[in-house]
Amino acid sequence: MLAEVLNNVGTCIFTKDINGCYTYVNQAVLDLLNVNLAEIIGFDDSQFFDLALSQQLKKNDQKVIKEAITVENEETNFIKVLQETRIYKTVKKPLFDDKNNVIGMCGVSTDITAEKKLQQIVKTQKKLLHTILDNVDAYIYMKDNERTFKYVNSKVAELFGTPVENIIGKKDTEVLPLDVAEHFNKSDQQVFDTGEKQTIEETSEDEHGNVLHYISTKIPYQQQGELPTLIGFSTDVSELYVLKEEFKKQANTDSLTKLYNRRYFIDHAEREFHRAKRHLRILSLIAIDIDHFKDINDSYGHPIGDQVLMSVAQCLLPCVRQEDILARIGGEEFSILLPETTLQSAKVVAERIRLNQSNLIIKGEWQGEIQVTVSIGVTCIRFEDDNFNDFFTRADKALYQAKNSGRDQVFCW
Ligand SMILES: Nc1nc2c(ncn2[C@@H]2O[C@H](COP(=O)(O)OP(=O)(O)OP(=O)(O)O)[C@@H](O)[C@H]2O)c(=O)[nH]1
């Protein structure tokens, strides 16, 4: 009965005497070596394996027999009948008589070739994956819904300034400053709440206080029996962000005077106009034009005309508040939008500007000094203004009234 059971298991089971000769083998051994019982009982491994291997097997057997201990080994055997190398996990135990003398050994060998191959494949793939994850230009991490890091790539470790092992298993609040951890956690929570991928812009500060910008994609990832998790990919876009801001600034800036340009002014002023209408707020507008500027160009040349424009712009700057918008609208024309400012107050500002400009003495690498005057139109938002154009045109009309009245003056409409 027992023999039948042993013959029906796939594992090789055998016993040997103290000389290493087989005293029992089950069917799995016979099948593997392609022999019958008579061809194996009483013979040692030299009959079935090459010299080196049989000597190695004998050495293991002798250790069990001489030291009366259990030996566990992984044995790599070349199986002649299969013409291939197989890996076995072998457990060998000493056998004793009733006087406790070792009389042989018993072995159980399980073929773990497939398992070993699988382990090797997993190991190779893991190495490949780590090589990719550690060399890709992104911060990659895995966090559960209790804020514990399950994985970080080496770039994250570099950023946090501590080895990977010090991060995995820790909560974000333990490895990051609290405010940074809370900032990141906001979008993490969105992933857990919605169960959907989120792409967001995030910021943090480096050790010098520079703001770093990231584009982060966070995806939900659930493994059976584990807490809900997310995998995050964050790319540092700080340089791009600075460039983008620079482009944005350039697009809104007049290249000569560095004031806002017409496009920015109109966009902003239109928005302010609608906001003021909606909330019944006061809003004033000042239009400024240099008098007889053509004469300056004609007398001194265009490049010097440019320098005059720059000086006029510089002289305008101290006359406006932080919340006012000063822009160069065209050639020698400037505008100022003054939120929360009455017509009377705007007129005071305009008079100050007119005076400052007429007192401005512009010197440069040319003969003599240049002085300019400006004409100014001032208006304030009205209930009947249907659109921004009504408001803007009225300031222009006031300006031309100032021009027509002899220039170097302020006219309110
Ligand atoms: N140097 C320089 N000149 C400019 C620029 N843009 C416009 N202009 C000149 O500004 C002058 C504007 O002339 P006009 O529109 O006749 O006005 P004005 O001579 O200032 O006379 P009034 O406005 O009537 O007082 C023209 O000569 C333009 O060529 C610029 O960027 N640089």
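**Group meeting: helices, a ligand shell and two cores in a predicted model**

Let me begin with helix H9, residues 238–252. At 1.5 Å a residue, the 15 residues of H9 should span 21 Å, and the end C-alpha atoms are indeed 21 Å apart, which agrees. H9 is hardly covered, since the count of buried residues among its 15 residues is zero. Please keep in mind throughout that this is a predicted model.

A second helix may be described in the same manner. Helix H5, residues 113–135, has 23 residues and reaches 33 Å from its first C-alpha to its last, close to the 33 Å expected at 1.5 Å a residue. H5 is also hardly covered: among its 23 residues, the count of buried ones is zero.

Let me now turn to the chain as a whole. It contains 14 helices and 15 strands. Of its 413 residues, 26% count as buried. If we take the contacts with a separation of 6 or more, residues 24 or more positions apart account for 49% of them.

I come next to the ligand. Which residues come nearest to the ligand? Of the 16 residues around it, they are Asp-291, Phe-293, Lys-294, Gly-305 and Gly-331. The elements that give two or more residues to this shell are strand E11 (283–290), helix H11 (293–300) and helix H12 (302–316). H12 supplies the largest share, four residues. By character, the shell divides into four nonpolar, five polar and seven charged residues.

Helix H12 deserves a closer look. H12 has 15 residues, and the distance from its first C-alpha to its last is 21 Å, close to the 21 Å expected at 1.5 Å a residue. Which residues of H12 are buried? They are Gly-305, Val-308, Leu-309, Val-312 and Leu-316. These residues cover an arc of only 105° around the axis, which puts them on the same side of H12. A general point helps here: an α-helix has 3.6 residues a turn, so residues three or four places apart point the same way. The buried residues of H12 pack against E11, H11, strand E12 (325–330), strand E13 (333–339) and helix H13 (343–359). Gly-305 thus appears twice in this account, as one of the residues that come nearest to the ligand and as one of the buried residues of H12.

We may now consider the interior. In soluble globular proteins, nonpolar side chains tend to be buried together. In this model, the largest nonpolar core has 42 residues. Those with the most contacts inside this core are Ile-286, Ala-287, Ala-350, Ile-376, Val-378, Ala-395 and Ala-398. Let us take Ala-287 as an example. Not counting residues up to four places away in sequence, Ala-287 touches Ser-335, Ile-376, Gly-377, Ala-395, Asp-396, Ala-398 and Leu-399. Apart from the largest core lies another, of ten residues, among them Tyr-22, Val-25, Val-29 and Ile-40.

I should like to continue with the early part of the chain. Asn-7 is found in helix H1, residues 2–7. Is Asn-7 buried or partly exposed? Asn-7 counts as partly exposed, because it has 15 C-beta neighbours inside 10 Å. Leaving aside its neighbours within four places in sequence, Asn-7 is in contact with Asn-26 and Gln-27. The C-alpha atoms of Asn-7 and Ala-28, 21 residues apart along the chain, are separated by 6.7 Å.

Two residues stand out for their backbone angles. Most residues other than glycine have a negative phi. Asn-34, however, has a positive phi of about 55° although it is not a glycine. Asn-34 sits in the loop between helix H2 (27–33) and helix H3 (37–40), and with 12 C-beta neighbours inside 10 Å it counts as exposed. Asp-408 likewise has a positive phi, of about 50°, without being a glycine. Asp-408 lies in the loop between H14 and E15, and with 17 C-beta neighbours inside 10 Å it counts as partly exposed.

The loop of Asp-408 also holds Ser-405, between helix H14 (388–404) and strand E15 (410–412). Ser-405 is exposed, with 12 other C-beta atoms within 10 Å. Its C-alpha atom and that of Ser-375, 30 residues apart along the chain, are separated by 9.5 Å.

Finally, Lys-277 has its place in helix H10, residues 262–279. With 18 C-beta neighbours inside 10 Å, Lys-277 counts as partly exposed. The C-alpha atoms of Lys-277 and Phe-388 are separated by 10.0 Å, although these residues are 111 residues apart along the chain. Thank you for your attention.

Key
Residues are numbered from 1 along each chain as its sequence is written. This is a predicted model: local features need pLDDT of at least 70, side-chain atom pairs count only at pLDDT 80 or more; totals for chains, interfaces and linings use all residues. A residue is near a molecule or strand if its C-beta atom, placed from the backbone, lies within 6 Å of it. Ala, Val, Leu, Ile, Met, Phe, Trp, Tyr, Cys and Pro count as nonpolar, Asp, Glu, Lys and Arg as charged, and the others, Gly among them, as polar. The expected span of a helix is 1.5 Å times one less than its number of residues. A residue is buried if 20 or more other C-beta atoms lie within 10 Å of its own, exposed if 12 or fewer, and partly exposed in between; C-beta atoms are placed from the backbone. The arc is that of the directions from the helix axis to the C-beta atoms. Two residues are in contact if their C-beta atoms, placed from the backbone, lie within 7 Å. A nonpolar core is a set of buried Ala, Val, Leu, Ile, Met, Phe, Trp, Tyr and Cys residues joined through C-beta atoms within 7 Å.
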